[in-house]
Amino acid sequence: MAGNPAVVMRLLASAYAVSEKAGAIVRNVLYSGELGIVEKTGANDLQTMADRLAQQSICASLSKRFPKITIIGEEELPAEVVMEDLIENGQAEEILQKTCPVEYSDLKEEELVVWVDPLDGTKEYTEGLLDNVTVLIGIAYGGKAIAGVINQPFYNYQLGAKADLGRTIWGMLGLGAFGFQLQEVPGDRRIVTTTRSHSNKLVTDCVDAMEPHEVIRVGGAGNKIIQLVEGKASAYVFASPGCKKWDTCASEAILHAVGGRLTDMHGNAYHYDANVKHMNSAGVLATLRNHQYYASRVPQSVLQALKSN
């Protein structure tokens with residue numbers, strides 16, 4: 001352990017362990033066969049028992065160890081006593097061993113905001129598209145996403161019974177990102193990843209304007225960011241207000257830690273203060289490289305329809 005680790009490093013180390021606990025919960029609920037699905041605002045906006053239990057686990061575990069942080073989770077859950085077996089007290093040793101970037105070394109708990117999506121890709125989860133599913137825990141300071149964890153509960157599930165299921169990716173500005181092999185799409189290929197279940201004319205017009213060689217339609221914001229950093233896609237293009245801050249905080253931090261960018265369709269950064277509105281109402285444009293190329297091709301009709309916030 002690097003002396004007495006900075007608060008943000010301890011929080012990140014806890015978030016890593018907590019995301020793995022949440023990932024195990026997500027798997028266990030699926031295998032139980034009792035998903036407990038409820039519609040929130042419609043058939044494309046679902047909540048399951050896994051969403052509820054994973055969020056309880058994440059929020060209760062982090063609040064117990066860091067009582068002064070602000071935690072904002074996707075699910076609106078009633079205040080209730082969380083079962084002890086949902087609490088995760090562990091911390092990732094590999095993170096505690098790292099030296100905190102100097103600009104974050106003196107941050108206090110009360111200056112940090114944690115954005116939680118306990119199960120990103122719920123619709124895909126209920127349909128068996130398990131590689132789309134992630135657990136997202138993002139850490140923000142001064143309105144900026146500075147660190148994040150993405151757990152993929154079903155990573156390797158296609159390999160069947162012998163698979164070592166699940167993996168956890170993490171990153172921090174000034175440190176880099178870990179848990180995967182950073183790759184880029186070959187320079188002359190434009191591969192756009194976009195929404196699978198929330199498309200409309202604006203979304204498709206914007207994708208077409210990028211003149212992609214290939215378009216991938218998958219679920220989950222976390223999943224799409226992983227496609228960018230693993231060289232499966234060159235841009236994540238979503239010209240719609242459907243995405244929320246808990247979808248992008250962790251994802252943005254990891255992408256920015258390896259030199260990528262996530263902005264709205266106007267090229268403006270999102271802010272992650274505790275009091276911001278939750279909707280990313282001006283869409284999401286994310287790239288590992290060449291952000292300006294994609295931003296310059298966003299149609300005027302899209303820019304007019306999506307007001308920057």
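Trainee: What share of the contacts in the protein with a separation of 6 or more comes from residues 24 or more positions apart?

Mentor: In this predicted model, residues 24 or more positions apart account for 72% of those contacts. C100 offers an example: C100 and V8 are 92 residues apart in sequence, yet their C-alpha atoms are 8.1 Å apart in space.

Trainee: How do you know that the radius of gyration agrees with that of a compact globule?

Mentor: Set the two values side by side. For 309 residues, a compact globule would have a radius of gyration near 19 Å, and the protein has 18 Å, so the two agree. Along the principal axes, the C-alpha atoms fill a box of roughly 50 × 45 × 40 Å. Of the 309 residues, 56% are buried, and the secondary structure comes to nine helices and 13 strands.

Trainee: Back to C100, then. Why is C100 called buried?

Mentor: The cut-off for buried is under 20% relative accessible area. C100 has 15%, so C100 counts as buried. Its place is in the loop between α3 (93–96) and β4. Beyond its neighbours within four places in sequence, C100 is in contact with A6, V8, M9, S105 and M172.

Trainee: How many disulfides does the rule give?

Mentor: The count comes to zero. Take C243: the nearest cysteine sulfur is that of C249, 12 Å away. A disulfide needs the two sulfur atoms within 2.5 Å, so this pair does not qualify. Seen from the other side, C249 is in no disulfide either, with the sulfur of C243 as its nearest at 12 Å.

Trainee: And what makes C243 and C249 buried or exposed?

Mentor: Use the 20% cut-off again. C243 has a relative accessible area of 5% and is therefore buried. C249, at 0%, is buried too.

Trainee: Now the sheets. What makes β3 and β8 the edges of their sheet?

Mentor: Begin with the order of the six strands, β3-β4-β5-β6-β7-β8, in an open sheet with mixed pairing. β3 (70–73) and β8 (176–178) each have a single partner strand, so one side of each is left without a neighbour in the sheet. Neighbouring strands here are turned by 15° against each other on average, direction ignored.

Trainee: How do you know that β4 and β5 pair?

Mentor: Pairing takes at least two bridges. Seven bridges join β4 (residues 112–120) to β5 (residues 134–141), so the requirement is met, and the two strands run antiparallel. Within this pair, L112 has Y141 as its bridge partner, and V113 stands opposite A140. With β3, β4 pairs in the parallel sense over four bridges; there, V116 in β4 is the bridge partner of G73.

Trainee: Why is β4 called mostly covered?

Mentor: Nine of its nine residues are buried. Helix α6 (residues 221–229) lies across β4, along with β5, β6 (144–152) and β7 (167–172), and runs at about 85° to β5.

Trainee: Which strands of the other sheet does α6 lie across?

Mentor: They are β9 (191–195), β10, β11 (235–238), β12 and β13, with α6 running at about 150° to β11. These five strands form an open sheet in the order β10-β9-β11-β13-β12, and the pairing is mixed. Its edge strands, β10 (214–218) and β12 (261–263), each pair on one side only. On average, neighbouring strands in this sheet are turned by 20° against each other, direction ignored.

Trainee: What makes β12 and β13 a pair?

Mentor: Three bridges join β12 to β13 (residues 284–287), so the threshold of two is passed, and the strands run antiparallel. R261 stands opposite T287 in β13. Helix α7 packs on the sheet, touching β12 and β13, and its direction makes about 145° with that of β12.

Trainee: Which residues of the largest nonpolar core touch the most other members?

Mentor: Of its 55 residues, they are W115, Y236, V237 and M265. The largest share, seven residues, comes from helix α7 (residues 245–257). Leaving aside its neighbours within four places in sequence, Y236 is in contact with residues including A221, L228 and C243. Apart from this core lies another, of 46 residues, among them Y16, L53, Y104 and L173.

Technical notes. Residues are numbered from 1 along each chain as its sequence is written. This is a predicted model: local features need pLDDT of at least 70, side-chain atom pairs count only at pLDDT 80 or more; totals for chains, interfaces and linings use all residues. Side-chain values use heavy atoms; hydrogens and water are left out. Buried means under 20% relative accessible area, exposed over 50%, partly exposed in between (1.4 Å probe, protein chains only). Axes are lines fitted to C-alpha atoms, for helices over the stretch in contact, and angles run from 0 to 180 degrees between N-to-C directions. Contact means heavy atoms within 4.5 Å. A nonpolar core is a set of buried Ala, Val, Leu, Ile, Met, Phe, Trp, Tyr and Cys residues joined through side-chain atoms within 4.5 Å. The radius of gyration is taken over C-alpha atoms; the globule rule is 2.2 Å times the number of residues to the power 0.38.
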